[in-house]
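Reader: I'm in my first year and still learning to read structures like this one. Could you pick a single part, look at it closely with me, and then show me how the rest fits around it?

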Amino acid sequence: MDIDILSFMPALLPVALSPGASFTLVMSSALSGGRSGLLRTLAGTAVGIYSHALLIGLGITAIIISLPGVYNVLEVVGTIYLLWLGFMLIRRGIKSKPDNVVSSPHSITAVDAFIINILNPKAIIFYLTVVSRFAGQQGGVGSYLILASVHVVVMSLWLVIVSHILIFSAKSSNPVLLKKYVNISGGVLLCIFSLCSIFK
């Protein structure tokens with residue numbers, strides 16, 4: 001295998017460290033579900049990343065991209081799902097009260113995180129165009145899974161550190177206000193991400 005992990009890191013870091021849908025879901029999930037919520041969302045996102053690696057390694061992603069109708073349907077479904085999750089987070093933030101700090105109309109699940117990741121057009125394009133450059137000449141499934149593992153480790157470490165600083169450290173100050181802020185701003189960001197994908 002001639003995987004180029006060292007060259008892959010500079011290409012990966014801006015993607016893994018920039019705030020996006022996964023970042024927003026993890027922050028909200030960590031706030032409402034604590035460490036178990038954080039781990040649940042990270043697990044769903046990781047399964048989505050490994051799925052992208054498997055799909056590109058098997059050549060399925062290239063087939064999907066070559067069929068504009070199929071790709072467009074995936075993009076629309078992903079956008080609608082992202083909008084729905086954004087509205088759920090905004091609703092949860094608005095309804096936050098001192099007596100229901102933990103309860104919410106919709107808790108972020110591992111399945112939510114997986115669906116958002118697997119239907120994310122940016123993730124599909126990233127794995128098809130960027131990750132494929134570092135998978136070596138053969139570019140087999142194993143190569144893509146190794147690069148996906150690097151992606152998962154970098155992303156997980158970053159999100160655990162950030163969530164610990166932003167959520168767990170600040171939670172003791174005013175959990176209701178923090179919950180309102182994170183959920184409403186996170187929901188607005190998810191809606192913006194989804195609308196940007198429509199009007200790109």
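Author: Happy to! Let's begin with the lining of the largest pocket, whose residues divide into 17 nonpolar, 12 polar and two charged. Please keep in mind that this is a predicted model. How can anyone tell where a structure has empty space? Rolling a probe the size of a water molecule over the atoms shows where space is left.

Here, the largest pocket has a volume of about 680 Å³. It is lined by 31 residues, and those closest to its centre are Gly20, Ala21, Asn120, Lys122 and Ala123. To see which helices take part, run your eye along the chain: H1, H2, H4 (68-94), H5 (110-118), H6, H7 and H8 (175-198) each supply at least two residues of the lining.

Now step back to the whole chain. It has eight helices and zero strands, so read along the sequence, its pattern is α-α-α-α-α-α-α-α. Of its 200 residues, 45% count as buried. Among contacts between residues at least 6 apart in sequence, 82% join residues at least 24 apart. On the outside, the accessible surface comes to about 9800 Å², and carbon and sulfur atoms account for 73% of that surface.

Some helices from the pocket lining turn up again in the largest nonpolar core. This core has 29 residues, and the ones with the most contacts inside it are Phe8, Leu12, Met27, Tyr127, Val131 and Leu159. At least two core residues come from each of H1 (5-17), H2 (21-57), H6 (121-130) and H7 (141-168). The largest share, 11 residues, is supplied by H2.

Which residues does Leu159 touch, leaving aside those up to four places away in sequence? Its partners are Phe23, Val26, Met27, Leu38 and Leu42. Apart from this core lies another one, of nine residues, including Tyr81, Leu85, Ile108 and Leu190.

Let's finish with one residue you can find for yourself, Val162, which sits in helix H7. Is Val162 buried or exposed? Its relative accessible area is 10%, and buried means under 20%, so Val162 is buried. Compare its position with that of Phe23: the two are 139 residues apart in sequence, while their C-alpha atoms are 9.3 Å apart in space. Try locating both in the sequence and then in the 3D view.

How values were computed: Residues are numbered from 1 along each chain as its sequence is written. This is a predicted model: local features need pLDDT of at least 70, side-chain atom pairs count only at pLDDT 80 or more; totals for chains, interfaces and linings use all residues. Side-chain values use heavy atoms; hydrogens and water are left out. A nonpolar core is a set of buried Ala, Val, Leu, Ile, Met, Phe, Trp, Tyr and Cys residues joined through side-chain atoms within 4.5 Å. Buried means under 20% relative accessible area, exposed over 50%, partly exposed in between (1.4 Å probe, protein chains only). Helices (H or I, at least four residues) and strands (E, at least two) are DSSP runs, numbered from the N terminus. Contact means heavy atoms within 4.5 Å. On a 1 Å grid over the protein atoms alone, a cavity is a set of points where a 1.4 Å probe fits but cannot get out, and a pocket is an open set with protein on both sides within 12 Å along at least five of seven lines; lining residues have an atom within 4 Å of a point. Grid points are joined across faces, edges and corners, and a volume is the space filled by probe spheres set on the points. Ala, Val, Leu, Ile, Met, Phe, Trp, Tyr, Cys and Pro count as nonpolar, Asp, Glu, Lys and Arg as charged, and the others, Gly among them, as polar. Accessible areas come from the Shrake-Rupley method with a 1.4 Å probe; for residues, only the protein chains shown count as cover.
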